[in-house]
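Here are a few notes to go with your first look at this one. Have the model open while you read, and take the points in order.

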Amino acid sequence: MKSHFYAMLSRMKNINRWGLMRNIRSENLCEHSFETAVIAHALALIDNKKLNGSADPEKIAVAALFHDTSEILTGDMPTPVKYYNTEIKSAYKQVEKTAETKLLSYLPDYLKEPFSDIYSCDAETEKFVKAADKISALIKCTEELNMGNREFASAKKATLKSIKDLKFKPADIFLEEFMDSYSLTLDEQNTL
């Protein structure tokens, strides 16, 4: 059986994020997914090493890497629309599930179970992925503001609040220890 799954995943680079906002530098879904996976991995390590947790960093990173693949078929739904009300949010969750099912159908049978497990991650893994996803958005807002794009000012405030509202200690530690560096130049980062 020939499979379209990985060719479809390759299309993530064609899906731009933040479609309702003027961007100085566009961000595609592939970039976002990589960054979210790196941050989710970091959050799991923070949980394990600083908070004596028992997270599985590799499992969490993989879940984060694939967390938005449904957007290959749906596109990136702008946050103000996606979360406008509970009906839209619920309907969009169904659309995402349908898209994930469609993507899974592109896989040969022997790979369907492992990917089904990735797409239906447990609540603990989801907590890390959600926090990492929000931190990635905060980084995007910070970068745009650093380039003088005030379009992202209110998004940055709202995103920071949403991270704080998670009350998730690994995310708080990441913000405290790593976030300020995203506002520095390369030369400034090299002097720390």
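1. Start with the overall size. For 192 residues, a compact globule would have a radius of gyration near 16 Å, and the protein comes in at 17 Å, so the two agree. Keep in mind that this is a predicted model. If you prefer a box, the C-alpha atoms fill one of roughly 55 × 40 × 35 Å along the principal axes.

2. What is it built from? Helices: there are eleven of them, and zero strands. Reading from the N terminus, the order of elements is therefore easy to remember, α-α-α-α-α-α-α-α-α-α-α.

3. Now the contacts. Take those with a separation of 6 or more: 68% of them link residues 24 or more positions apart.

4. On inside versus outside, 40% of the 192 residues are buried. The exposed area of the protein is about 11,200 Å², with carbon and sulfur atoms supplying 55% of it.

5. One spot on the outside deserves a look. Phe-34, Val-38 and Leu-65 make a nonpolar surface patch there, of about 280 Å². To find it, go to helix H2, which covers residues 29–50 and holds Val-38.

6. Why does Val-38 count as partly exposed? Its relative accessibility is 42%, and partly exposed is what lies between the buried limit, under 20%, and the exposed one, over 50%. Membership of a patch asks for over 30%, and Val-38, at 42%, is one of the residues that make this one.

Definitions and conventions:
Residues are numbered from 1 along each chain as its sequence is written. This is a predicted model: local features need pLDDT of at least 70, side-chain atom pairs count only at pLDDT 80 or more; totals for chains, interfaces and linings use all residues. Side-chain values use heavy atoms; hydrogens and water are left out. Patches are made of residues with over 30% relative accessible area and no salt bridge: like charges are joined within 9 Å, nonpolar side chains (Val, Leu, Ile, Met, Phe, Trp, Tyr) within 5 Å. Accessible areas come from the Shrake-Rupley method with a 1.4 Å probe; for residues, only the protein chains shown count as cover. A salt bridge is a side-chain nitrogen of Lys or Arg within 4 Å of a carboxyl oxygen of Asp or Glu. Helices (H or I, at least four residues) and strands (E, at least two) are DSSP runs, numbered from the N terminus. Buried means under 20% relative accessible area, exposed over 50%, partly exposed in between (1.4 Å probe, protein chains only). The radius of gyration is taken over C-alpha atoms; the globule rule is 2.2 Å times the number of residues to the power 0.38. Contact means heavy atoms within 4.5 Å.
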